[in-house]
Amino acid sequence: MNRGQFTLMGSTVCVMLCLHFSIQLVSQHYMSWKKPKEQKAIIIIVLMAPLYAIDSYVGLLDIKGSETFFTFLDSIKECYEALVMAKFLGLMYTYLNISISKNIVPDEIKGREIHHSFPMTLFQPHTVRLDHKNLKLLKDWTLQFVVIRPVCSVLMITFQLLDMYPSWLSWTFTIILNVSVSLALYSLVVFYHVFAKELAPHKPLAKFLCVKGIVFFCFWQGIVLDILVAMGLIKSNHFWLDVEHLQEALQNTLVIVEMVFFSLLMQYAYTAEPYRVGSVSVKAGAKKE
């Protein structure tokens, strides 16, 4: 068995494990279907890991695919990532009984201080008071990525198909997307810090790390691989496979392995235990409703 066959076999096992853990967790939520609004958001978030694994596995199967093909695969992952961020914020709002559209903000959380850090202080005061306007701003900062990511994906694929995709345009899209996703993640971090006490029973840090961890590893390991290729530390020893496709294969393999660990972490962070019959959390929620 050569190295390529071993990698493909190992990746297949990892994808199957990821699917097993994710389907198991989704099934547990369906078996304990108590709060549809919360659990629908949780299921969308949980499915992020297997979608990333399958997407990367397809890229590994067609290892010599075109640049447009790999852009399409990346776009699927990143568009779903945008959806997950929106659902994550919506889940946190549900836990806190906040509704921006209905102008519902509990009195006990109004007036809290939000401390912005650089570079946001270039556009916002360092300290602002929490109100409906600032909560809406945090939500808009997250949702802008839900719009920008799909639009950029369509434009990138279109320009590549038309053979009008110079390197400067590629870098332009990269910068726009990085600024967009950074702003979305920043708003989630700010939201967590403001409401850490109220969200504590819902394991917000573990939930957030599942989302941010997937985004973080996929992005930064891609940057590291770019640097290693540029430095000549990653080279292709196969006449039929250039270094760019080898880099894609390495990235896809790493993502597939990582998704197994994230699917396991989600078993803890997004457990169905609070929704099961007899759960203290469910009973408490029922009394409030």
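User: Why does Glu273 count as partly exposed?

Analyst: Its relative accessibility is 42%. Buried means under 20% relative accessible area, exposed means over 50%, and partly exposed is what lies in between, using a 1.4 Å probe and protein chains only. Glu273 has 42%, so partly exposed is the right label.

User: Before we go on, what kind of model is this, and how are residues numbered?

Analyst: It's a predicted model, in which local features need pLDDT of at least 70 and side-chain atom pairs count only at pLDDT 80 or more, while totals for chains, interfaces and linings use all residues. Residues are numbered from 1 along each chain as its sequence is written, and side-chain values use heavy atoms, with hydrogens and water left out.

User: What makes Arg276 and Glu273 a salt bridge?

Analyst: A salt bridge needs a side-chain nitrogen of Lys or Arg within 4 Å of a carboxyl oxygen of Asp or Glu. Here the closest N and O atoms are 2.6 Å apart, so the pair passes. Side chains of opposite charge can pair when their charged atoms come close. Arg276 is partly exposed too, at 29% relative accessibility.

User: How many salt bridges does the rule give?

Analyst: The count comes to three. One of them joins Arg149 to Glu78, with the closest N and O atoms 1.8 Å apart. That pair links distant parts of the chain: Arg149 sits in helix α5 (residues 132–161) and Glu78 in helix α4 (residues 67–96), 71 residues apart. Helices here are DSSP runs of H or I with at least four residues, strands are E runs of at least two, and both are numbered from the N terminus.

User: Is Arg149 buried or exposed?

Analyst: Arg149 counts as buried, because its relative accessibility is 2%. Glu78, at 26%, is partly exposed.

User: What separates Asp140 and Lys136 in helix α5?

Analyst: About one helical turn, because they are four residues apart in that helix. Their side chains meet in a salt bridge at 3.1 Å, N to O. Asp140 is partly exposed with a relative accessible area of 33%, and so is Lys136 at 37%.

User: Why is helix α3 called largely enclosed by the rest of the structure?

Analyst: Because ten of its 14 residues are buried. Among them are Met48, Pro50, Tyr52, Asp55 and Leu60.

User: How do you know what span to expect for α3?

Analyst: The expected span is 1.5 Å times one less than the number of residues. Helix α3 (residues 48–61) has 14 residues and reaches 20 Å from its first C-alpha to its last, close to the 20 Å expected.

User: What makes Phe6, Met9, Val13 and Leu17 a patch?

Analyst: Patches are made of residues with over 30% relative accessible area and no salt bridge; like charges are joined within 9 Å, and nonpolar side chains (Val, Leu, Ile, Met, Phe, Trp, Tyr) within 5 Å. These four form a nonpolar patch on the surface, with about 380 Å² of accessible area together (Shrake-Rupley method, 1.4 Å probe, only the protein chains shown counting as cover for residues). Met9 has 44% relative accessibility, so it clears the patch cut-off. Met9 lies in helix α1 (residues 3–31).

User: How many helices and strands does the protein have?

Analyst: Ten helices and two strands. Buried residues make up 43% of its 289 residues.
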